[in-house]
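Open the model in your viewer and set it to a cartoon view, with side chains ready to switch on. The stops below each give a selection to make and then what is found there.

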Amino acid sequence: MTFVFYDTETTGTDTVFDQILQFGAIRTDENLKEIDRFEVRCRLQPHIVPAPMALKVTGVTPEMLMDPVLPSHYEAMRMIHAKLSDRSPSIFVGYNSISFDESLLRQAFYQTLQPIYLSNTGGNTRADMLRIAHAVAAYAPNAIAIPLGDSGKQVFKLDQLSPANGFDHENAHDAMADVEATIHLARLIRNRAPEVWSRLMQLSRKQDTADILREEEILCLTQYFGGRAHNRYVTECGANPTYDASRAVFDLNQDPEPYLDMTIEELVHEMNKGPAVIRAVRTNAQPILMPYTEIPGALREVSLPIEELGKRAHMITTNADFRRRVGEALANRYPAKDPSPHVEQQIYDGFASSGDQALMQRFHDVPWEDRLGIAMEMADLRMRRIAQRLIYFERPEVLPEKIRAALGHEIHSRLNTHDDLLPWRTVADAQQELDEFRTGDVDGSLVGFISDLGEFLGKLQR
């Protein structure tokens, strides 16, 4: 199977209310040899306010945000979805992608009326080089160099990790440069720590991860918090009956006996404690679950004898009622939330019907003049609202005056409302961040950037 390594550069770090500005991808064969590459930049959407820090880091200027030569966000996301679909099935790989880039991509596809689960359906799977780097640091510590920060903790930021391992990352925070850096690390790890690479590729597949949890009674789970690895002997102890990818594992350093008769409510309480004895893992998020024979030396030194670990694991794996209650606790771990009034936060509020999916596809295929009629046929109010917004962004003149005025007022209010409780960034928020730049030690090269961005934000306020 081929790999598709990808990266995004964005208006900020909010995976719901920020947007992609640049996307880069390189497809390789199974030996990580490049086959082809794809890159696209796009313009800023009318309702998005960029974070000054994000623009400073990526080097994006106000002129680039509004460059008429660049495609719109809608046009770029259509191109990206088509390109990635053409390269399917593949293993989609980024750096911190499962937590960040993939969430941004899903939101972008959702807001452009396209299927959102591209990277893990249709034979595709996903992997994250940050997870793989974490696994290598724990299980093959001499395979790659891991830089240390001022506090003595390991640093896994791509712009520091890749140079420490021989990659010239002069253009860090450019999407294509970051993709090249990610591939460089992947090749090193594949060559120097092949067992870890192979295991993490296996864990990139949801079903394989589920099989490992079921078949390997004692596993070593590695999770990183605060820049440090936390390694535990665990065994699977339950599956969420409403979401199969959600599983629970039990820390075998603890005696299972006091937990076996707990009620569902008590188990929920235990899961939400820290450090938790019963932990949630997702089979579709590449958890680091290694064979117990491969454990790091530090864990081996403080662990119980393997016979005792096996006895404890057996107590759990053979107790069907306990496992059922743990599964129910997973399903009830968090209280139900009221639906969000904001369409971006409604992305996971249900699947569009087959009828609406057909209308969404047709929306893309007809002239803009005909798209409002299709939008009004959509039963899902989320999709109808997104469709109307897309028409306003792309061809506002085809909308009736009343709808056009309402959408224009909505965008203006979104940009300029002063309310600390709003979940998105307003112009006032960005101006406050820019003011902090002005009052700090400003590098001479930033003077022009600050001036230009301040002028740009002033225009957004009008």
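Begin with a pair of helices in this predicted model. Select Ile264, Leu267, Val268 and Met271 in H10, and then their partners in H13: Phe322, Arg325, Val326, Glu328, Ala329 and Leu330. Sorted by class, this contact is made of 8 nonpolar and 2 charged residues, with no polar ones. Now show the two helices whole, residues 264–271 for H10 and 320–331 for H13; their axes come within 8 Å and cross at roughly 65 degrees. The crossing is right-handed.

Stay with H10 and follow the chain into the loop that leads from H10 to strand E9 (278–282), where Pro275 sits. The peptide bond between Gly274 and Pro275 is cis, with omega about -10 degrees. A second cis bond joins Ser88 to Pro89, with omega about 0 degrees. To find Pro89, select the loop between H3 and strand E4 (90–94). As background, most peptide bonds are trans.

Next, select helix H14, residues 354–365. Its end C-alpha atoms are 17 Å apart, which agrees with the 16 Å expected for 12 residues at 1.5 Å a residue. Which residues of H14 are buried? They are Asp356, Leu359, Met360, Phe363 and His364. Look down the axis of H14: the buried residues fall within an arc of 140 degrees, so they line one face of the helix. Ser354 and Asp365, both exposed, are on the face turned away from that buried side. To see what the buried residues of H14 pack against, add helices H3 (73–86), H15 (371–377) and H16 (381–394).

Move to helix H4, residues 97–110, and pick out Glu102. Is Glu102 buried or exposed? Its relative accessible area is 4%, under the 20% limit, so Glu102 is buried. Beyond its neighbours within four places in sequence, Glu102 is in contact with Tyr6, Ser97, Ser119 and Arg126.

The last two stops concern backbone angles. Most residues other than glycine have a negative phi. Select Leu32, in the loop between strands E2 (20–28) and E3 (34–41). Leu32 is not a glycine, yet its phi is positive, about 70 degrees. Leu32 is also buried, at 1% relative accessible area. Then go to Gln286, in the loop between E9 and strand E10 (288–291). Gln286 too is a residue other than glycine with a positive phi, near 50 degrees. With a relative accessibility of 1%, Gln286 counts as buried.

Note on methods
Residues are numbered from 1 along each chain as its sequence is written. This is a predicted model: local features need pLDDT of at least 70, side-chain atom pairs count only at pLDDT 80 or more; totals for chains, interfaces and linings use all residues. Side-chain values use heavy atoms; hydrogens and water are left out. Axes are lines fitted to C-alpha atoms, for helices over the stretch in contact, and angles run from 0 to 180 degrees between N-to-C directions. Helices (H or I, at least four residues) and strands (E, at least two) are DSSP runs, numbered from the N terminus. A crossing is left-handed if the near helix is turned anticlockwise from the far one by less than a right angle, and right-handed if clockwise. Contact means heavy atoms within 4.5 Å. Ala, Val, Leu, Ile, Met, Phe, Trp, Tyr, Cys and Pro count as nonpolar, Asp, Glu, Lys and Arg as charged, and the others, Gly among them, as polar. The expected span of a helix is 1.5 Å times one less than its number of residues. Buried means under 20% relative accessible area, exposed over 50%, partly exposed in between (1.4 Å probe, protein chains only). The arc is that of the directions from the helix axis to the C-beta atoms.
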